[in-house]
Amino acid sequence: LSSLLDRVAPLEPPSRQQRREALLLELTHLLREWICLVAVNKQRVVDMDAAREAGFCCGIQVSGSYKLGVANEDSDIDTVCLLPEFITKDDFFTGFY
């Protein structure tokens, strides 16, 4: 079964896995900066420095083939973004990059 899977849907090489990990880290960074911007715009804090110091929590949860460790080169990364309560669905879909 293992050899059949290797032929039909080979796993991605470690370099691709590392690239995916780097992309998730970059996405987390962008998300944190955007949350700070929204916090300033909604007057939760006075400026970006205060927002960064406030340490608003966010997270990215992954699922699917990436989470299971069976991603191949054509796989996407299924993600769910966890955001502070003051950020709405509309904020996310109209304002996040």
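In this predicted model, C57 sits out in the open, exposed with a relative accessible area of 63%. Its neighbour in number, C58, is buried instead, at 17%. Neither ends up in a bond with the other: the sulfur of C58 lies 7.8 Å from the closest cysteine sulfur, in C57, which is too far. A disulfide would need the two sulfur atoms within 2.5 Å, and the structure holds zero disulfides.

Aromatic rings have more to show. A search of the whole structure turns up five aromatic pairs. One of them joins W34 and F92, whose ring centres are 6.1 Å apart; with the planes at 80 degrees, the pair is edge-to-face. This contact brings together distant parts of the chain, since W34 belongs to helix 2 (residues 14-41) and F92 to helix 5 (residues 89-95), 58 residues apart. W34 itself is buried, at 4% relative accessibility. Ring pairs also tie W34, F92, F93 and F96 into a cluster.

F56 and F86 make another edge-to-face pair, with 5.2 Å from centre to centre and 70 degrees between the planes. Here, too, distant parts of the chain are linked: F56 is in the loop between helix 3 (48-54) and strand 1 (59-63), while F86 is in the loop between strand 2 (78-82) and helix 5, 30 residues apart. F56 is partly exposed at 24% relative accessibility, whereas F86 is buried at 5%.

Back at the surface, L1, L4, L5 and V8 form a nonpolar patch, together offering about 440 Å² of accessible area. Among them, L4 lies in helix 1 (residues 2-8) and is partly exposed, with a relative accessible area of 41%.

How values were computed:
Residues numbered from 1 in each chain as written. Predicted model: local features only at pLDDT ≥ 70, side-chain atom pairs only at ≥ 80, totals over all residues. Heavy atoms only, no water. Buried < 20%, exposed > 50% of the residue type's maximum accessible area, 1.4 Å probe, protein only. Patch = residues over 30% accessible without salt bridge, like charges linked within 9 Å, V, L, I, M, F, W, Y side chains within 5 Å. Areas by Shrake-Rupley, 256 points an atom, 1.4 Å probe, with all protein chains shown as cover. Salt bridge = Lys/Arg side-chain N within 4 Å of Asp/Glu carboxyl O. Helix = DSSP H or I, 4+ residues; strand = E, 2+ residues; numbered from the N terminus. Phe/Tyr/Trp six-rings, centres within 6.5 Å; stacked < 30°, edge-to-face > 60°.
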